[in-house]
Amino acid sequence: MQAIPPSESLIEYPSDFPIKVMGPTHIDFAATIVQVVQKHDADFHEGKMEVRPSAKGNYTGLTVVVRATSREQLDALYTELSGHPMVKIVM
């Protein structure tokens, strides 16, 4: 992947960056996502996460707010979240 020059990036680094993660409701879903996010943002904690169950309770939506320091960091986090077996959607 070709690096985007900082002058052309839509994101100013460092900044707080929200990421939405959805997956089937599971007792360990939120805790598992916290562990994944902490690999990429050591300062992340549960207080930076909002949890919302779906109307029928079959899915859980999380909004995690990470401290984005680079495009590479965000790309690596999106890749790991998207490949996780508990995750259906990452936005």
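**Salt bridges and exposure**

Mentor: Let's start with D75, which is partly exposed, with a relative accessible area of 27%. Keep in mind that this is a predicted model.

Trainee: Why is D75 called partly exposed?

Mentor: The value for D75 is 27%. Buried means under 20% and exposed means over 50%, so a value in between is called partly exposed.

Trainee: What makes D75 and R71 a salt bridge?

Mentor: The closest N and O atoms of D75 and R71 are 3.3 Å apart. The cut-off is within 4 Å, so the pair qualifies. D75 and R71 are 4 residues apart in helix 2, which means about one helical turn separates them. R71 is partly exposed too, at 32% relative accessibility.

Trainee: How do you know that K39 is exposed?

Mentor: K39 has a relative accessible area of 61%, and exposed means over 50%, so K39 earns the label. Its salt-bridge partner is E80, with the closest N and O atoms 2.8 Å apart. That pair links distant parts of the chain: K39 sits in helix 1 (residues 29-40) and E80 in helix 2 (residues 71-83), 41 residues apart.

Trainee: Is E80 buried, partly exposed or exposed, and why?

Mentor: E80 comes to 26%. That lies between 20% and 50%, so E80 is partly exposed.

Trainee: What makes R52 and E50 a salt bridge?

Mentor: Their side chains meet at 2.5 Å, N to O, so they satisfy the 4 Å limit. R52 is partly exposed at 36%, and E50 is partly exposed at 43%.

Trainee: How many salt bridges does this rule give?

Mentor: The count comes to 4.

Technical notes: Residues numbered from 1 in each chain as written. Predicted model: local features only at pLDDT ≥ 70, side-chain atom pairs only at ≥ 80, totals over all residues. Heavy atoms only, no water. Helix = DSSP H or I, 4+ residues; strand = E, 2+ residues; numbered from the N terminus. Buried < 20%, exposed > 50% of the residue type's maximum accessible area, 1.4 Å probe, protein only.
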